[in-house]
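Q: Please pick a single part of this structure and go through it closely. I have not seen it before, so explain the terms as they come up.

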Amino acid sequence: MGISTFTGMQTALRGLLAQQRALDVTSHNVANADTVGYSRQEAVLAASPALRIPAGAVQGGGAAELGTGVDVLAYRRARDGFLDLQYRAQAMRLGGLAAQVKGLEQVEVALAEPGENGISAQLQKFWSGWEDLANAPENQATRQALIETAQGLATSLSTLDSQMATASEQASAEYTSITKAGGEVGQMAEEIAKLNEAIRSSLVSGATPNDLYDKRDQLLDKLSGLAQLSVTDLGNGTIEVGFGDAAVPLVKETTVTWPQALSEPKGKLGTLIELASPTGTIASYRSELNAFTEELAKSVNAIHQSGGGPAFFSFVPGAAASTLAVAVSTGEVQISTTGAEGANDIALAIAALRGGKPDQAYASLVSRVGTDMSDARRSEENAQALLGAVQDRRDSTSGVSLDEEMTNLVRFQRGYQASARAMTTFDEALDVLINRTGKVGL
Amino acid sequence: MTIRITDSMVSRTILSDLGAADNRLALTQRRLASGKQLTRPSDDPFGTNRAIQLRGELEGTRQYRRNVNDGSGWATATEAALTRITDIVQRARELLVDGGNDSNGPVAREAIATEIDQLTESLKQEANATYGGRYVFAGTATETRPYELGAVDTYAGNAGSVARVIGAGVSVSINVSAHALLGDGQGAADNKLLDVMRDVSENLRGSTVADSEALRGTDLKRLDTNLDELTRVRAVVGATANRLEAAGARLDELEESSTDLLSKVEDTDMAETLVQYSTQKAAYESALRAGASIVQTSLLDFLH
């Protein structure tokens, strides 16, 4: 069996087509160089099946194979699944820590320490108020000033408590808005389910839906900041996504199960649950603030009542910070046990509380908030750096390098030109055969 | 294997480095502008705790200083009144010595007795001395006049102690009760000033030998005892004033050192921070410059 005269032209044509596809892919890469979540693609070229020439093709009578050019074997997506896992684990940590920094920052700012406007400064003014009163027990204006300072202190305490409560409520509200039906999680889950469907049908028709994979991976990256993900490949192009500690997978093939109850999902949602929880960090600050307020009110009251007078502060046990109020009028302020107009033993005893237990309790609350905050901030910076490192490695694999694409562009363009030249060569050869052969002597 | 460097890596690295440099610069700028090293507890939790304590100590020290000032004023008023009381008693003693001479006739003695009565009134008036509208000799009944002028000699104040706190746990009693010096008059027969003065006046007006004997004997002796007591009380008040003055000086020093410490914990070290600022600014600008030139160049510039 002979070889077709036109085999070489076919080979050149394959070369032209393959180089053109490679150029197309390069152009797609260049166009998406800045697209978030895009993975570099490449046309995998391979020699096309050779033409078998039976016995007698070569000297000595053996058979041979004649190359028939090149084919595009596949359009491959440059992606490393292991790096995706690392990325998602870090994104989850960062999501949680960023939410914590945001939540604690509200508390820290509300404290306004160290400074002239914080509770500690007001507490000092309150003690000074008692000393001023001890210096001039007869003076009504001093009593009035003391009561106003005390009221200011009570107001600041209840403002601080309500700002802490607000921080906690906001965390709760954010959690609800993310997890409600039709919220962020729900929407992303729906999209993933749709992409599962699209990818499955693409695969059935034999295509490789690289860009759909990219979109799905990007959604998984986003979800991973919210909670811990476990992604299982179901084999038919679809995936199953486990979300936090939800009982049922969030997405399985094309089925979405959401909303679901979460208790410790980790990630941003985990932190939000913790911040909003009645046993969480903010709640513990509030109970420490309440304990401090109660300690303050009780120690002042105990001395104030030692002469048989009324309590100076009133409060509801368990919610002291928000309910603290001055319970006496100007005339009822007890300055001494004897009642003599110049005596000041009660005022002196209360003033001597300065620097005592209540002051220390408050200072320890402030330093606890400060330590928690600086820990959270440092961990966040760490997680950010680690995420950056993973992202760098992922980009190293999946990112588009314009220099590389330019080089490929030149390479494939030259390949195309050369294939075209091969085509021309065959054309000229055939021209000789067709148009000039058999014209001897004409 | 060498790492493929892609454009997104380069631009992200540049951006995050710029962001970090910018953050550092912003923090330094905040420290310079506010003059505070500590603006939030998380800047330095331990330092914040220290700053809160120091602020408490400082406010306490300032308050103790105010207490000392008030106490000193009180002691000064007390001292002045006691000086005048001593002068009055000494004048009374002169008159007594003079009036005890039998060479004085009834008319002269009557005149001396009248002056003694006047001095008694002055004594009471001095015992009613005030500081800032408060009676300093009335114990803790500072709004009650200790003695009414006129015939009634009963002390209306009490024996309470007026104290000022001049340091943590240190309180000083700053008052002297007039009762211990002037007493309750003749009715009480307590041998205090008013009792003695009234007796002297009576004895001067009396014409018996016993009166003259009393003038020269018991009256003079009792007056001298009271003068000794006055001197002792003045010494006590003087000692209190000295103690307050010393405490004031110590508190001034303490305030200065606390302010200094607080400033070390809280305030920005300007020289150091300015050096940091210029270093960080230079780093930021070179990061910008490097970023700009890296981002601009690519193979595209060299292909034709």
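A: Helix α2 of chain A passes helix α6 of chain A in a right-handed crossing (the near helix is turned clockwise from the far one by less than a right angle; anticlockwise would be left-handed). Helices here are DSSP runs of H or I with at least four residues, strands are runs of E with at least two, and both are numbered from the N terminus. The model is a predicted one, in which local features need pLDDT of at least 70 and side-chain atom pairs count only at pLDDT 80 or more, while totals for chains, interfaces and linings use all residues. Residues are numbered from 1 along each chain as its sequence is written, and chains are lettered from A and ligands numbered from 1 in the order in which they are written.

The axes of α2(A) and α6(A) are 6 Å apart, and the packing angle is about 35° (axes are lines fitted to C-alpha atoms, for helices over the stretch in contact, with angles from 0 to 180 degrees between N-to-C directions). On the α2(A) side, the contact consists of D84(A), Y87(A), R88(A), A91(A), M92(A), L94(A) and G95(A). α6(A) brings D217(A), L220(A), D221(A), S224(A), G225(A) and L226(A) to it. Contact means C-beta atoms, placed from the backbone, within 7 Å. Six of these residues are nonpolar, three polar and four charged (nonpolar: Ala, Val, Leu, Ile, Met, Phe, Trp, Tyr, Cys and Pro; charged: Asp, Glu, Lys and Arg; polar: the others, Gly among them).

α6(A), residues 210–226, also meets α5(A), residues 184–204: their axes come within 10 Å and cross at roughly 155°. The two helices are therefore roughly antiparallel (over 145 degrees; under 35 is roughly parallel, 65 to 115 roughly perpendicular, the rest oblique). This crossing, of α5(A) past α6(A), is left-handed. From α5(A) the contact includes V185(A), M188(A) and I192(A), and from α6(A) it includes L212(A), Y213(A) and L219(A). By class, the contact of α5(A) with α6(A) has eleven nonpolar residues, one polar and four charged. L226(A) takes part in the contacts of α6(A) with both α2(A) and α5(A).

α2(A) has a further role in the contact between chains, where 46 residues of chain A meet 45 of chain B. α2 (81–111) is one of the helices of chain A that each supply at least two residues of the side touching chain B. The most comes from α11(A), with 14 residues. That side of chain A holds 17 nonpolar, 18 polar and eleven charged residues. For the complex, the predictor gives an ipTM of 0.83 and a pTM of 0.83.

Notes
Contact = placed C-beta atoms within 7 Å.
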